[in-house]
Amino acid sequence: PLTGVQRRDLTLSGKVQSDLIYAVHGLNRMNPDFYAANVGNMILGRIGLGGRLGDNVRERQGLAYSCGSSVDADLGAGPWAALAGVNPANIERAIAAIVHEIGEFCERGPSAEELSDARDYMTGSLALGLETSDGIAGTLLGIERYGLGFDYISRYPDLIRGISADQIVEVARKYLSTENYVVVTAGPAVA
């Protein structure tokens, strides 16, 4: 388990931008929390120009060139992470803004509009992903790899539409933390 804030700052010569990652222990793909975490992550840091994180850190505060999040769930548990490309002078403010937005998300969860938008995007993306041979092959590989069952494609819209705001808050509070996490930065030396 992560205890406290663990931070590593890596200096990379020749870089003008700093990249930062906030991360906590995530979950594996077969975990029952996966769908709520995935929908929550879509709202937190994927939809639009980076979800809530992009809206707050990039758009409103102008602290990042890019900002978003990811849930890396595979056969093993990967991290639930927030990522940003930042002007080195803004590293501390960007970290604080990301942690603040994560705290707000855990506290309040998604709005009805955010949840509806995420559901629509995710169910629509599955259909679009099946329009190419590569998309079909990737979907079939995932179905087999994670033991999702042959009816997964027909069940998927109901799985996503069945996720409630309360489930997202519960999963966010279970995995995301504003007290126990890792932050890594990589970029030019900052005076």
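A disulfide is a pair of cysteine sulfur atoms within 2.5 Å, and I began my notebook with that cut-off in hand. I also noted at the outset that the model is predicted, so every entry below is a reading of that model.

**Entry 1: cysteines**

I searched the whole structure for disulfides and found zero. I then looked up Cys 67, which is in no disulfide, since the nearest cysteine sulfur belongs to Cys 106 and lies 15 Å away, whereas the cut-off is 2.5 Å. Turning to Cys 106, I wrote down that this residue is in no disulfide either, its nearest cysteine sulfur being that of Cys 67, at 15 Å. Are these two cysteines buried or exposed? I looked up the relative accessibility of Cys 67, which is 7%, so Cys 67 counts as buried, the limit being under 20%. Cys 106 has a relative accessible area of 10%, and therefore I entered Cys 106 as buried by that limit.

**Entry 2: the chain as a whole**

I next looked up the secondary structure of the chain, which comes to seven helices and five strands. Reading along the sequence, I copied out the pattern as β-β-α-α-β-β-α-α-α-α-α-β. The radius of gyration is 17 Å, which is close to the 16 Å that the globule rule gives for 191 residues, so I recorded the chain as being as compact as a globular protein of that length. For the extent of the chain, I noted that its C-alpha atoms fill a box of roughly 55 × 35 × 35 Å, taken along the principal axes. I also wrote down that 45% of the 191 residues count as buried.

**Entry 3: the largest pocket**

How much space lies in the largest pocket? I found about 590 Å³ there. This pocket is lined by 21 residues, and those closest to its centre are Arg 29, Asn 38, Thr 139, Tyr 152 and Tyr 156. I then asked which elements supply at least two residues each of this lining, and my list came to helix H1 (34–45), strand E3 (64–73), helix H4 (112–129), helix H5 (133–145) and helix H6 (152–161). By class, the lining of the largest pocket divides into 13 nonpolar, six polar and two charged residues.

**Entry 4: the second largest pocket**

I looked up the second largest pocket next, and in this one about 200 Å³ of space lies. Its lining has 14 residues, of which Ile 47, Gly 51, Arg 52, Asp 55 and Glu 114 are the closest to the centre. Helix H2 (47–60) and helix H4 each supply at least two residues of this lining, and the largest share, nine residues, comes from H2. When I sorted the lining of the second largest pocket by class, I wrote down four nonpolar, four polar and six charged residues.

**Entry 5: salt bridges**

How many salt bridges does a search of the whole structure find? I recorded 11, and I looked up several of them one by one.

In one of them, the side chains of Glu 104 and Arg 108 meet with an N to O distance of 2.1 Å. Because Glu 104 and Arg 108 are four residues apart in helix H3 (residues 91–108), I noted that about one helical turn separates them. Glu 104, at 26% relative accessibility, counts as partly exposed, while Arg 108 is exposed, with a relative accessible area of 57%.

I then turned to Asp 120 and Arg 161, whose side chains meet in a salt bridge at 3.1 Å, N to O. This pair links distant parts of the chain, for Asp 120 is in helix H4 and Arg 161 is in helix H6, 41 residues apart. Asp 120 is partly exposed, with a relative accessible area of 40%, and Arg 161 also counts as partly exposed, at 40% relative accessibility.

The salt bridge I looked up next is that of Asp 151 with Arg 155, in which the closest N and O atoms are 2.9 Å apart. Asp 151 is partly exposed, with a relative accessible area of 40%, and Arg 155 counts as partly exposed at 31% relative accessibility.

My last note concerns a network: Arg 7, Asp 9 and Glu 92 are joined into one by salt bridges that share partners.

Note on methods. Residues numbered from 1 in each chain as written. Predicted model: local features only at pLDDT ≥ 70, side-chain atom pairs only at ≥ 80, totals over all residues. Heavy atoms only, no water. Buried < 20%, exposed > 50% of the residue type's maximum accessible area, 1.4 Å probe, protein only. 1 Å grid on protein atoms, 1.4 Å probe; cavity = no way out; pocket = protein on both sides within 12 Å on 5 of 7 lines; lining within 4 Å. Points joined across faces, edges and corners; volume = space filled by probe spheres on them. Nonpolar A, V, L, I, M, F, W, Y, C, P; charged D, E, K, R; others polar. Salt bridge = Lys/Arg side-chain N within 4 Å of Asp/Glu carboxyl O. Rg over C-alpha atoms; globule rule 2.2 N^0.38 Å.
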